[in-house]
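Please find below some comments on the model you sent round. They are set out as numbered points.

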Amino acid sequence: MVTITIEGLRISLGKHPALRGIDASLDGGMLIGIIGPNGAGKSTLARAILGLVKPEQGRVLIDAVETSALPRAKIARTIAYLPQGQTLHWPLDVERLVALGRLPHLAPFSDISSADQAAIDKAIALTDVEALRHRTATELSGGERARVLLARALAVEAPVLIADEPLASLDPGHQLEVMELLRAQAASGTLVIAVLHDLTLAARFCDRILLLNKGEIAADGDPSDVLNAGNLATVYGVRAWLGQADGAPVVIPLSRNP
Amino acid sequence: MPRALLLGLLLACCAAAVLLSIGIGTAPLSFSRMAAALTGDGDPVARIILFDLRMPRALLGLSVGAMLGVAGAALQGYLRNPLAEPSVVGVSNAAALGAVIALYFGFAALHPAILPVMAVIGAFAALGALFLLSGASESPLTLILAGIAIATLAGAGISLTLNLSPNPFAAMEIATWLLGSLEDRSFNHVLIALPCIAAGVALLLWNGRALDALTLGEDGAQALGVDLGQMRLRLMLGVACGVGGAVAVSGSIGFVGLIVPHIVRPLTDRSPSAVLLPSALGGAALLTFADVLVRLIPTNNELKLGVVTAFLGVPVFLIHLMRERRLW
């Protein structure tokens with residue numbers, strides 16, 4: 001299992017400080033939710049772990065090796081990434097799109113092997129997009145496309161999966177399905193890091209939650225500890241109803257802070 | 001369409017285009033005389049026509065067409081814009097400016113190799129300027145902006161030479177060269193163009209997978225292990241070297257790089273890598289056919305290749321427009 005360690009990470013986007021000193025150790029086998037209001041630095045943290053933005057200070061280590069010292073292909077085999085949004089520039093078939101997940105594993109000028117094909121088929125089955133396999137990905141609905149893009153990330157079969165808002169544009173049934181899928185991935189040893197906005201789903205499914213606020217970690221720990229009235233009031237600026245259902249926390253925002 | 005079938009068909013088109021290209025010309029040459037010349041017997045006149053006039057022309061048609069086709073496909077993939085073509089990075093205009101300078105100052109008359117060599121120098125000067133202007137940024141937008149700046153500057157330079165031409169004949173010589181042609185080319189031209197084009201095609205084909213990954217955007221591609229900086233370097237080098245070599249021997253031939261990827265894309269799985277090689281073969285066949293057409297259409301002066309390709313470009317876009325509007 002892989003451990004990602006973040007040490008004193010500070011990042012500015014232009015002149016705007018996006019992360020102001022993040023320290024965390026993230027272990028394989030866990031589903032870790034990153035939550036926080038818009039602009040808190042969630043996506044920047046996800047991109048920084050992948051080495052897509054250069055830190056001003058601090059560093060990110062994958063199993064004690066600094067990411068800046070690792071070749072891009074090695075990071076690509078270690079961390080699968082589902083970026084925010086549904087960027088798709090060419091009208092590829094779903095299967096061809098999912099197959100892009102195998103790029104980090106292909107030797108130069110070699111074709112898809114049977115192992116690659118098995119990974120593609122597995123990812124398609126896990127995300128329930130078998131019926132869409134031969135459809136054009138750009139012609140799918142938002143929710144279908146979200147699942148296909150998740151399949152693309154799963155096809156990498158990396159020990160770490162970072163999903164930036166994997167629930168966007170999904171209906172409640174598919175939201176639950178994706179969260180169950182992410183939890184199952186974590187249970188099989190993968191380190192799953194998911195940027196989420198739905199606090200109840202984060203609370204129900206995540207093993208640990210990092211609550212970001214203005215580029216800093218406001219709280220880090222067990223969902224029921226992190227999602228308390230005080231944190232919701234100071235970080236999100238909302239008054240919320242906090243309850244329990246099926247033994248897991250339920251969070252319903254009721255009004256903005258007076 | 002299965003890839004092997006598509007490549008086979010395109011290869012057959014190339015072969016047919018070459019046969020037509022070496023079979024048709026101003027001097028009549030019967031099939032038997034041509035066959036004899038090919039096998040090494042034949043009369044010397046037939047051999048000169050075949051080997052010194054028609055073969056170089058056919059070879060240049062294939063290689064220039066292949067280069068323009070693959071450059072268009074690679075740039076469309078990289079910029080994720082179906083309207084991209086080799087001229088957007090300014091290299092074709094800069095190569096043309098190099099050639100025009102050779103014509104304007106009369107260097108071109110000193111030795112037949114001077115004009116193409118100056119065109120290649122123009123292309124590499126544009127490449128240097130592209131690096132300086134677009135910097136190490138990984139955004140395609142900076143490349144387009146720098147390319148447009150260079151293309152505009154080179155275009156202005158070309159207009160200036162036409163403006164300041166000492167006499168109408170000099171201006172006419174430049175304008176005619178700019179229209180693009182493969183007429184009266186020799187093996188010297190092949191020797192200048194072919195290495196540039198071979199290097200260019202190889203560099204661009206190498207980018208296939210990285211272009212596919214870019215379907216997911218820049219972050220998505222980098223997360224799949226693509227080094228965007230290296231990819232951009234290969235792409236710019238490939239386009240500058242190959243298109244520079246192509247323009248050097250053929251003049252400005254537009255639309256091939258733009259339309260060929262559009263013709264072959266629907267026959268592939270539409271991923272950028274799958275379009276590259278078919279675009280090279282399609283470009284080779286299209287330009288060689290267009291060069292045959294130039295010789296077949298009866299006009300007072302020989303039609304220029306760039307004019308024919310421009311006419312061919314229009315229906316391709318009308319068909320796409322009609323499909324987009326679901327009229328057809």
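The points below take up confidence, then each chain, then two residues.

1. The coordinates come from a predicted model. For the complex, the predictor reports an ipTM of 0.91 together with a pTM of 0.90.

2. Confidence in chain B averages a pLDDT of 89, with 98% of the residues at 70 or more. The lowest confidence in chain B falls in helix α2 (residues 31-38), where the mean is 76. The highest is in helix α13 (residues 272-296), with a mean of 95. As a general caution, predicted coordinates should not be read in detail where pLDDT is low.

3. Chain B is built from 14 helices and has 0 strands. Its radius of gyration is 20 Å, and the globule rule gives 20 Å for 328 residues, so chain B is as compact as a globular protein of that length. Along the principal axes, the C-alpha atoms of chain B occupy a box of roughly 65 × 50 × 40 Å.

4. How much of chain B is buried? Of its 328 residues, 52% count as buried. Counting contacts in chain B with a separation of 6 or more, 76% join residues that are 24 or more positions apart.

5. The surface of chain B deserves a separate entry. Its accessible area is about 13,900 Å², and carbon and sulfur atoms contribute 72% of that. Chain B carries 17 positive and 16 negative charges, and the mean positions of these two sets lie 6 Å apart.

6. Chain A contains 9 helices and 12 strands. Its radius of gyration is 18 Å, close to the 18 Å expected from the globule rule for 258 residues, so chain A is as compact as a globular protein of that length. The box filled by the C-alpha atoms of chain A is roughly 60 × 40 × 35 Å along the principal axes.

7. In chain A, buried residues make up 53% of the 258. Residues 24 or more positions apart supply 65% of the chain A contacts that have a separation of 6 or more.

8. For chain A the accessible surface is about 11,000 Å², with 51% belonging to carbon and sulfur atoms. There are 24 positive and 28 negative charges in chain A, and their mean positions are 7 Å apart.

9. Which residues does A:L103 touch, leaving out those up to four places away in sequence? They are B:R209, B:A213 and B:L224. A:L103 itself sits in the loop of chain A that runs between α3 (94-99) and α4 (114-126). Its relative accessibility is 14%, and A:L103 therefore counts as buried, the cut-off being under 20%. Within chain A, A:L103 and A:A155 are separated by 52 residues in sequence and by 9.8 Å from C-alpha to C-alpha.

10. Is B:H189 buried or exposed? The relative accessible area of B:H189 is 13%, so this residue is buried. B:H189 belongs to helix α8 (residues 187-205) of chain B. Apart from neighbours within four places in sequence, B:H189 is in contact with B:L60, B:P112, B:P116, B:D184 and B:V249.

Conventions:
Residues are numbered from 1 along each chain as its sequence is written. Chains are lettered from A and ligands numbered from 1 in the order in which they are written. This is a predicted model: local features need pLDDT of at least 70, side-chain atom pairs count only at pLDDT 80 or more; totals for chains, interfaces and linings use all residues. Side-chain values use heavy atoms; hydrogens and water are left out. Helices (H or I, at least four residues) and strands (E, at least two) are DSSP runs, numbered from the N terminus. The radius of gyration is taken over C-alpha atoms; the globule rule is 2.2 Å times the number of residues to the power 0.38. Buried means under 20% relative accessible area, exposed over 50%, partly exposed in between (1.4 Å probe, protein chains only). Contact means heavy atoms within 4.5 Å. Accessible areas come from the Shrake-Rupley method with a 1.4 Å probe; for residues, only the protein chains shown count as cover. Lys and Arg count as positive and Asp and Glu as negative; His and the chain ends are not counted. The place of a charge is taken as NZ of Lys, CZ of Arg, CG of Asp or CD of Glu. pLDDT is the predictor's confidence in each residue, from 0 to 100.
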